[in-house]
Amino acid sequence: MHKKRSEKSLYLEHTAKPNSFSMAKTRPGKRDMDSYTIRGTNKVVRAGNCVLMRPSEGDMAPYVARVEKIEADNRNNIKVHVRWYYRPEESMGGRRQFHGSKELFLSDHYDVQSAHTIEGKCIVHSFKNYTKLENVGPEDYYCRFEYKAATGAFVPDRVAVYCKCEMPYNPDDLMVQCEGCKDWYHPACVGMTSEQTKQLAADFVCSDCSSEDVKKSLSTYASFPLSNGKVVPKRQKR
């Protein structure tokens, strides 16, 4: 029977057997298998693959796990040793603004499940590779943090932040890069709409860089005023 994950059971399992499956050995009466073919499909699962597993409740999204090992007993009951991925809402801190819709955390929660609970395969990309995808499919996810299920801690515990709001990058959000400082900004944080951002594209300059350009222009052109009294800025929007 498929087991539902819970914070309580995670804590007990983690503290009692912190490495219960990290160095799993084949037990007597069991044999290792190189692969498993998902029921009703021709999709083959091997150790190291990421899979979608049937949740405990029908209206929930499938669980995501990385297969560590596949084994069968003498009755040909097939089990998979897995390492769970957590969605942000499943973690102690919950989902935050910078978490993308396809973001997962690789946890230290290991488990053994029936292979029949595997519903399909998926790909969990590195964050860098995910941001390079031209098209994101239903089977594409990404991971940039490891998650300690018992304590709620993340590795790494620090991440680069961007924009005036100083938030980590969410690949679901539109951002625009300043030509001057090369920092990235959310349109709303710089008083722009998404459409305005798309129209500007490579011509965007943030307010800080614009101010610096004006100061430099005043210094450079102070002795050469135009007939209308205005100063020609060093950087002009095209």
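In the predicted model, the second largest pocket encloses about 240 Å³ of space. It is lined by 14 residues, of which Arg 96, Phe 98, Phe 145, Phe 154 and Asp 157 are the closest to the centre of the pocket. Classified by residue type, the lining comprises 7 nonpolar, 4 polar and 3 charged residues. Two of the central lining residues, Phe 145 and Phe 154, also belong to a cluster of aromatic rings, in which ring pairs link them with Tyr 86, Phe 105 and Tyr 147.

Aromatic pairing was examined across the whole structure, and 11 pairs were found. In one of these, Phe 105 and Phe 145 adopt an edge-to-face arrangement, with a centre-to-centre distance of 6.1 Å and an angle of 75° between the planes. This pair connects distant parts of the chain, since Phe 105 belongs to strand 7 (residues 103-114) and Phe 145 to strand 9, with their positions 40 residues apart in the numbering. Phe 105 has a relative accessibility of 0% and therefore counts as buried. Phe 145 likewise counts as buried, because its relative accessibility is 8%. Phe 105 forms a further aromatic pair with Tyr 147, which is tilted, the centres lying 6.2 Å apart and the planes meeting at 40°. Here too distant parts of the chain are linked, with Phe 105 in strand 7 and Tyr 147 in strand 9, 42 residues apart. Both partners of the tilted pair, Phe 105 and Tyr 147, are buried.

At the level of the overall fold, the protein contains 4 helices and 12 strands. Of its 238 residues, 36% are buried. Among contacts between residues at least 6 apart in sequence, 56% join residues that are at least 24 apart.

The largest nonpolar core consists of 23 residues, and the members touching the most others are Val 51, Met 53, Val 80, Trp 84 and Ile 118. Two or more residues of this core are contributed by each of strand 4 (50-53), strand 5 (63-73), strand 6 (78-86) and strand 9 (140-148). When residues up to four places away in sequence are disregarded, Val 51 touches Val 45, Tyr 63, Val 64, Ala 65, Val 67, Ile 118, Gly 120, Lys 121 and Cys 122.

Several backbone features fall within loops. The peptide bond from Val 155 to Pro 156 is cis, with omega near -5°, and Pro 156 is located in the loop between strand 10 (153-155) and strand 11 (176-177). The loop between strand 10 and strand 11 also holds Glu 166, a non-glycine residue with a positive phi of about 50°. Glu 166 counts as exposed because its relative accessibility is 56%. A positive phi, of about 70°, is found at Lys 182, again not a glycine, and this residue lies in the loop between strand 11 and strand 12. Most residues other than glycine have a negative phi, and most peptide bonds are trans.

A further loop, between strand 12 (184-185) and helix 3 (194-200), contains Pro 187. With a relative accessibility of 7%, Pro 187 counts as buried. Beyond its neighbours within four places in sequence, Pro 187 is in contact with Leu 174, Met 192, Thr 193, Ser 194 and Thr 197. The C-alpha atoms of Pro 187 and Asp 173 are 9.5 Å apart, the two residues being separated by 14 residues in sequence.

Definitions and conventions. Residues numbered from 1 in each chain as written. Predicted model: local features only at pLDDT ≥ 70, side-chain atom pairs only at ≥ 80, totals over all residues. Heavy atoms only, no water. 1 Å grid on protein atoms, 1.4 Å probe; cavity = no way out; pocket = protein on both sides within 12 Å on 5 of 7 lines; lining within 4 Å. Points joined across faces, edges and corners; volume = space filled by probe spheres on them. Nonpolar A, V, L, I, M, F, W, Y, C, P; charged D, E, K, R; others polar. Core = buried A, V, L, I, M, F, W, Y, C linked by side-chain atoms within 4.5 Å. Buried < 20%, exposed > 50% of the residue type's maximum accessible area, 1.4 Å probe, protein only. Contact = heavy atoms within 4.5 Å. Phe/Tyr/Trp six-rings, centres within 6.5 Å; stacked < 30°, edge-to-face > 60°.
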